[in-house]
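Colleague: I am new to this structure. Please give me a close look at a single part of it, and then set that part in its surroundings.

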Amino acid sequence: MPELPEVECTRRGLAPWLESRHIRALVVRNRRLRWLIPRGLEERLAGTQVTALERRGKYLLMRTRAGTALMHLGMSGRMRVLTADTAPDRHDHFDLLLETVKTDPKSVAGSDICIRFTDPRRFGCLLWAGHDPQTHRLLRDLGPEPLLDEFSGEYLWRKARGRTVAIKLFVMNAAVVVGVGNIYASEALFRARIDPRRATGRISRRDMDELAAAVRAVLGEAIIAGGTTLRDFYNGAGEPGYFGRHLCVYDRADQPCRCCGTPVRHIVQGQRSTYFCPGCQR
Ligand SMILES: [Zn+2]
C-alpha cells in the first residue's frame with residue numbers, strides 16, 4: 001500500500017509534468033473507484049491550468065484555476081507519465097491529458113502528455129474539492145503533517161494527556177498526525193526506544209521528543225531513498241514502492257535486534273502487526 005513517502009515521491013515525480021500546464025482533457029474509463037468520480041469533472045477540468053500539485057497526508061491535491069481535484073492512490077494505485085497514444089489496460093481508470101511544453105524531452109514532442117491512473121483494487125479516488133480543499137470532509141479532520149514544524153514532541157505530549165490507548169495506535173491515528181503507517185510506526189518506536197504497548201498518556205515529554213524526531217527521520221529517509229527511483233518517472237515505473245528501505249524491526253520476527261541481539265517480537269495491535277525489541281524498547 002502506498003504510504004506517505006511513496007505519495008510524496010509520486011507528487012515530486014508528477015509535479016514537473018503538471019504544474020503550470022493546461023489540461024486538454026480528463027478521460028474517465030471507470031468512475032467506480034472507492035467513491036464515484038463525480039459526473040461533470042471532465043467539463044470542470046478541460047482547458048484549465050494546473051497551478052500546483054500538493055500533498056496533504058496521503059492525498060494529492062491538484063490545484064487548478066478552476067478549483068482543486070483530490071486524488072488518493074488507495075491500496076494499489078499508481079500514476080505514470082506516458083504519451084497520449086499509449087493504449088490503456090483494463091485497470092487504467094482515468095487519464096489526465098496535458099499540453100506538451102518546449103522543455104519536454106524529444107520523445108514526447110507532438111503528442112499530449114498523459115498522466116494515467118492505474119488501480120487494480122479500485123480503493124483510490126478522484127474527487128472535486130472546489131476552492132477551499134482544506135474544508136473537504138476527507139481533509140478537514142486530519143492531524144498535522146509529520147514533516148512540518150507543527151508536529152513536535154510537545155504537540156504529541158499535549159495531545160496525549162489522559163489517553164490510555166497504546167502509543168503505536170496513537171501515532172497511527174490520522175487525527176493525531178497524518179501519514180504514519182504501520183511500518184513507519186514500528187520503526188519510529190524502535191528508534192525512540194519506546195515499547196509500542198505503553199499507555200500514551202504516561203509517556204514522558206522527553207520520550208515524545210524522541211518519538212517525534214524518529215517519525216520525521218524514518219519518513220524523511222524513505223522519501224530520500226524513493227527520490228532515487230524518480231529519474232524514470234516518465235515512461236516509468238511510476239511505482240516508487242518499498243525501495244530498498246533499511247528496516248530495523250518491521251517483518252523481522254525472531255531475528256536478532258540489530259542493536260542488542262535480542263530476538264524481535266511480533267504482536268498484533270488493532271488487527272495490525274507490530275514488531276519491537278523487548279531489549280531496547282521500554
Ligand atoms: Zn534491541
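**The largest pocket, the zinc site and the strands**

Modeller: Sorted by class, the residues lining the largest pocket comprise twelve nonpolar, six polar and four charged ones. Here Ala, Val, Leu, Ile, Met, Phe, Trp, Tyr, Cys and Pro count as nonpolar, Asp, Glu, Lys and Arg as charged, and the others, Gly among them, as polar. The model is predicted: local features need a pLDDT of at least 70 and side-chain atom pairs count only at 80 or more, while totals for chains, interfaces and linings use all residues. Residues are numbered from 1 along each chain as its sequence is written, and side-chain values use heavy atoms, with hydrogens and water left out.

The lining consists of 22 residues, and Glu3, Lys58, His72, Ala174 and Gly179 are those nearest the pocket centre. The space in this pocket is about 420 Å³. A pocket is an open set of points on a 1 Å grid over the protein atoms alone, where a 1.4 Å probe fits and protein lies on both sides within 12 Å along at least five of seven lines; lining residues have an atom within 4 Å of a point. The volume is the space filled by probe spheres set on the points.

The part to examine closely is the zinc site. Four sulfur atoms, the SG atoms of Cys257, Cys260, Cys277 and Cys280, are the protein donors of the zinc ion, at 2.2 to 2.4 Å from it. Donors are N, O and S atoms within 2.8 Å of the metal (3.2 Å for Na, K and Ca); water is not among the atoms, so sites may look incomplete. The site is tetrahedral, with angles of 100 to 119 degrees among the four donor atoms; four donors count as tetrahedral if all angles lie between 85 and 135 degrees. For comparison, the ideal angle for four tetrahedral donors is 109.5 degrees. Along the sequence the donor residues follow the spacing C-x2-C-x16-C-x2-C. Cys260 and Cys277, 17 residues apart, link distant parts of the chain: Cys260 is in the loop between helix H6 (205–227) and strand E9 (265–269), and Cys277 is in the segment after strand E10 (272–276). Helices (H or I, at least four residues) and strands (E, at least two) are DSSP runs, numbered from the N terminus.

These two donor residues also have their own burial classes. Cys277 is buried because its relative accessibility is 0%, whereas Cys260 counts as partly exposed because its value is 41%. Buried means under 20% relative accessible area and exposed over 50%, with partly exposed in between (1.4 Å probe, protein chains only).

Strands E9 and E10 form a hairpin with two residues between them, and Gly270 in the turn has a positive phi of about 55 degrees. The two strands run antiparallel and are joined by five bridges; strands pair if DSSP finds at least two bridges between them. Val268 has Ser273 in E10 as its bridge partner.

Another group of strands centres on E7 (residues 113–118), in which six of six residues are buried. Ile113, Ile115 and Phe117 point one way from this strand, while Cys114, Arg116 and Thr118 point the other way. Strand E5 (residues 78–83) runs antiparallel to E7 and is joined to it by six bridges; strand E6 (residues 92–98) is likewise antiparallel to E7, again with six bridges. Arg116 in E7 has Arg80 standing opposite, and Asp95 also stands opposite Arg116. Ala84 lies in the loop between E5 and E6 and is partly exposed, because its relative accessible area is 32%.

Two backbone positions deserve notice. Most residues other than glycine have a negative phi. Arg122, although not a glycine, has a positive phi of about 55 degrees; this residue is in the loop between E7 and strand E8 (125–130). Arg122 is partly exposed because its relative accessible area is 29%. Arg193 has a positive phi of about 60 degrees and is not a glycine either; the loop between H5 and H6 holds Arg193, which is partly exposed because its relative accessibility is 47%.

Helix H5 (residues 182–191) itself is mostly covered, with nine of its ten residues buried. Among them are Ile183, Tyr184, Leu189 and Phe190.

Terms used: Four donors count as tetrahedral if all angles lie between 85 and 135 degrees; four count as square planar and six as octahedral if opposite donors are over 155 degrees apart and all others between 65 and 115; anything else is irregular.
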